[in-house]
Amino acid sequence: MTVTVITGANKGLGFETARRLIEQGHTVYVGARDARRGEEAARALGARPLLIDITDDQSVTAAAEAVRAEAGHVDVLINNAGIAGPASPTGELTAADLQQVYDTNVFGAVRTVRAFLPLLEVANSPAIVNVSSGLGSLAINADPAAYTAILPAWAPLLAYNSSKAALNMLTVLYAQKYTQIRLTAVDPGFTATDLNGHQGTQSVEEGAAVITAAATAGPDAPTGTFLGASGPVPW
Ligand code: NAP
């Protein structure tokens, strides 16, 4: 049984990724911070609901314990839950604004990796997929004009972009530390979801493709990579 945990899977890219992985035979835990939304999504998908608020240490620990008790291991952890945060001009954002976004997009991933690590370590060929963004690429942000074809919606969101850059660094350093776990940061591309008020130009089916591919790439795929729909994304 291939056990996959997806945070923030009650809607958007996480929900669509869950749908695809279930199609491929995975047993999916649909992570949601709201019990009712999680149960509704899990019922619609034929998945298992998992209450998890990634900003709350106790919630994350309890979620890992619930999966340990039921399944005993985790093959794939998808750190998908994320928030956009405020879109105010760069100079107006405060440390508190950034802290709020980092609590979900960065510290949330750290909490989740740490809590689920013992369950990943007992799996045969475990994988962690960090749902990042092209907006987290230092290369793209340093030269946005060169990347307009890749990222037509480039926007200088100080909190969001820097949080995804930090998530990319977590991917690299965890890949170096946990060599038995394949780590991938992925850029789903600009996708119409609640995160961006459905401004995205791709469908969730298109956006979830790279997340699903990273989750199912198999043990021979390289670790510590950053992938988008058309291949490697510059760090
Ligand atoms: P979405 O539809 O807004 O979904 C975000 C999910 O994260 C929701 O299930 C949300 O739960 C959950 N979430 C937020 N904070 C949480 C917390 N503290 N604990 C647990 N779950 C939490 O957005 P999406 O576009 O599918 O985003 C999924 C991921 O893709 C994010 O990491 C995002 O940064 C990334 N991404 C999106 C795009 C895009 O264009 N859409 C592009 C690149 C990367 P609630 O329903 O309770 O709010």
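Modeller: Helices here are DSSP runs of H or I with at least four residues, numbered from the N terminus. H1 and H7 each supply at least two residues of the lining of the largest pocket. This is a predicted model, where local features need pLDDT of at least 70 and side-chain atom pairs pLDDT 80 or more, while totals for chains, interfaces and linings use all residues. Residues are numbered from 1 along each chain as its sequence is written, and side-chain values use heavy atoms, without hydrogens and water.

Biologist: What makes a residue part of the lining of the largest pocket, and which lie nearest its centre?

Modeller: A pocket is an open set of points on a 1 Å grid over the protein atoms alone, with protein on both sides within 12 Å along at least five of seven lines, and a lining residue has an atom within 4 Å of a point. The largest pocket has 42 lining residues, with Gly82, Ile83, Ala84, Thr193 and Leu195 nearest its centre. H1 gives the most to this lining, 3 residues. The volume of the largest pocket, the space filled by probe spheres set on the points, is about 980 Å³.

Biologist: How do you know that the ligand sits in the largest pocket?

Modeller: The test is that more than half of a molecule's atoms lie within 2 Å of the pocket's grid points. The ligand is therefore said to sit in the largest pocket.

Biologist: Which residues around the ligand come nearest?

Modeller: The shell consists of residues with a heavy atom within 4 Å of the ligand. It has 29 residues, and Asn10, Arg33, Asn80, Tyr160 and Thr193 come nearest. Helix H1 (12–23) and helix H7 (158–177) each supply at least two residues of this shell.

Biologist: Why is the pair between Tyr160 and the ligand called a polar contact?

Modeller: A polar contact is a pair of N or O atoms within 3.5 Å. A side-chain N or O atom of Tyr160 is 2.6 Å from an oxygen atom of the ligand, so the pair qualifies. For Arg37, a polar side-chain atom lies 2.8 Å from a ligand oxygen atom. Leu195 instead brings a backbone N or O atom, 3.4 Å from an oxygen atom of the ligand. Taken alone, the ligand exposes 900 Å² (Shrake-Rupley method, 1.4 Å probe), of which the protein buries 95%.

Biologist: Why is a space called a cavity, and how many are there of 30 Å³ or more?

Modeller: In a cavity a 1.4 Å probe fits but cannot get out. The count is 1 cavity of 30 Å³ or more. The largest cavity holds about 50 Å³ of space. Its lining includes Thr7, Ile54, Asn105 and Leu167. H5 gives the largest share of that lining, 3 residues.

Note on methods: Polar contact = N/O pair within 3.5 Å; in protein donor to acceptor, adjacent residues only side chain to side chain.
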